[in-house]
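Subject: Structure handover and notes

Dear colleague,

I am passing on the structure below, together with some notes on what turned up when I went through it. Please read them with the coordinates open beside you.

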Amino acid sequence: MAEEETPTIFIGKKPFMRYIMAAMAIILNEKPSKIRIVARGRAISRAVDLAEVLRTRYLPGIIDVEDIKISTDEIQNQETGRVDRVSTIEIVMSLKKQLTPE
């Protein structure tokens, strides 16, 4: 049996509501057991906000945080050639129960 791949939402500079709509579309259309939210640097606070808004406003009692991983990526600056370190976060959220159309 093939392992289910977890859908991932990468957080960047787009308007916050786009990430909420992307998460809701994935949950409603693909019906995964988990979703992953990934962000680096300044976008980390948006990733945390997205997880909390999904958990408390849009899907209370349906989705919850399963795991949070933090780390540091080393990225080489193209202009100067030096190595910069950027913090990263990965939030895995699991669906406690599937959504059913009413």
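I would like to begin with S94, which, leaving aside neighbours within four places in sequence, is in contact with S33, K34, I62, I63, D64 and E66. This residue belongs to strand β4, which covers residues 83–95, and S94 counts as buried because its relative accessibility is 18%, where the cut-off for burial is under 20%. Please keep in mind throughout that this is a predicted model, and that the values in this message were computed from it.

As for the overall layout, the chain contains two helices and four strands, and these follow one another along the sequence in the pattern β-α-β-α-β-β. Taken along the principal axes, the box filled by the C-alpha atoms is roughly 55 × 35 × 20 Å. Of the 102 residues in the chain, 30% are buried, and the accessible surface comes to about 7300 Å², with carbon and sulfur atoms accounting for 49% of that area. If one takes the contacts with a separation of 6 or more, 68% of them are between residues 24 or more positions apart. The chain carries 16 positive and 15 negative charges, and the mean positions of the two sets lie 6 Å from each other.

Which residues have the most contacts inside the largest nonpolar core? They are I11, I35, I37, L50 and M93, in a core of 24 residues. Two or more residues of this core are given by each of α1 (16–30), β2, α2 (44–58) and β4, and the largest share, six residues, comes from α1. Among these core residues I35 may be worth selecting in your viewer, since, not counting residues up to four places away in sequence, I35 touches T6, P7, A23, I26, I27, L54, I63, I91, V92 and M93.

The next residue on my list is R36, which is placed in strand β2, residues 34–40. With a relative accessibility of 26%, R36 counts as partly exposed. Once the neighbours within four places in sequence are set aside, the contacts of R36 are with T6, P7, T8 and I9, and also with E90, I91 and V92. With E90 there is in addition a polar contact from side chain to side chain, at 3.4 Å. For a distance across the model, the C-alpha atoms of R36 and I68 are 9.7 Å apart, although 32 residues separate the two along the chain.

Strand β1 covers residues 8–10 and includes I9, and T8 is placed in that strand as well. Are these two residues buried or partly exposed? I9 counts as buried, because its relative accessibility is 6%, whereas T8, at 27%, counts as partly exposed. Leaving aside neighbours within four places in sequence, I9 is in contact with Y19, A22, A23 and I26, and also with R36, I37, V38 and L50. T8, with residues up to four places away in sequence not counted, touches R36 and V38. The side chain of T8 also reaches the backbone oxygen of T6, at a distance of 3.4 Å. Two C-alpha separations may help with orientation here: I9 and R85, 76 residues apart along the chain, are separated by 22 Å, and T8 and R42, 34 residues apart in sequence, are 18 Å apart in space.

T6 itself lies in the segment before β1, and with a relative accessible area of 18% T6 is buried, the cut-off being under 20%. Apart from neighbours within four places in sequence, T6 is in contact with K34, I35 and R36.

Finally, there is one backbone angle that you may wish to look at. Where does K31 lie, and what is its phi? K31 lies in the loop between α1 and β2, and the phi of K31 is near 50°, a positive value in a residue other than glycine. With a relative accessible area of 48%, K31 is partly exposed.

With best regards

How values were computed:
Residues are numbered from 1 along each chain as its sequence is written. This is a predicted model: local features need pLDDT of at least 70, side-chain atom pairs count only at pLDDT 80 or more; totals for chains, interfaces and linings use all residues. Side-chain values use heavy atoms; hydrogens and water are left out. Buried means under 20% relative accessible area, exposed over 50%, partly exposed in between (1.4 Å probe, protein chains only). Contact means heavy atoms within 4.5 Å. Accessible areas come from the Shrake-Rupley method with a 1.4 Å probe; for residues, only the protein chains shown count as cover. Lys and Arg count as positive and Asp and Glu as negative; His and the chain ends are not counted. The place of a charge is taken as NZ of Lys, CZ of Arg, CG of Asp or CD of Glu. A polar contact is a pair of N or O atoms within 3.5 Å; within protein, one must be able to donate a hydrogen and the other to accept it, and residues adjacent in sequence count only if both atoms are side-chain atoms. A nonpolar core is a set of buried Ala, Val, Leu, Ile, Met, Phe, Trp, Tyr and Cys residues joined through side-chain atoms within 4.5 Å.
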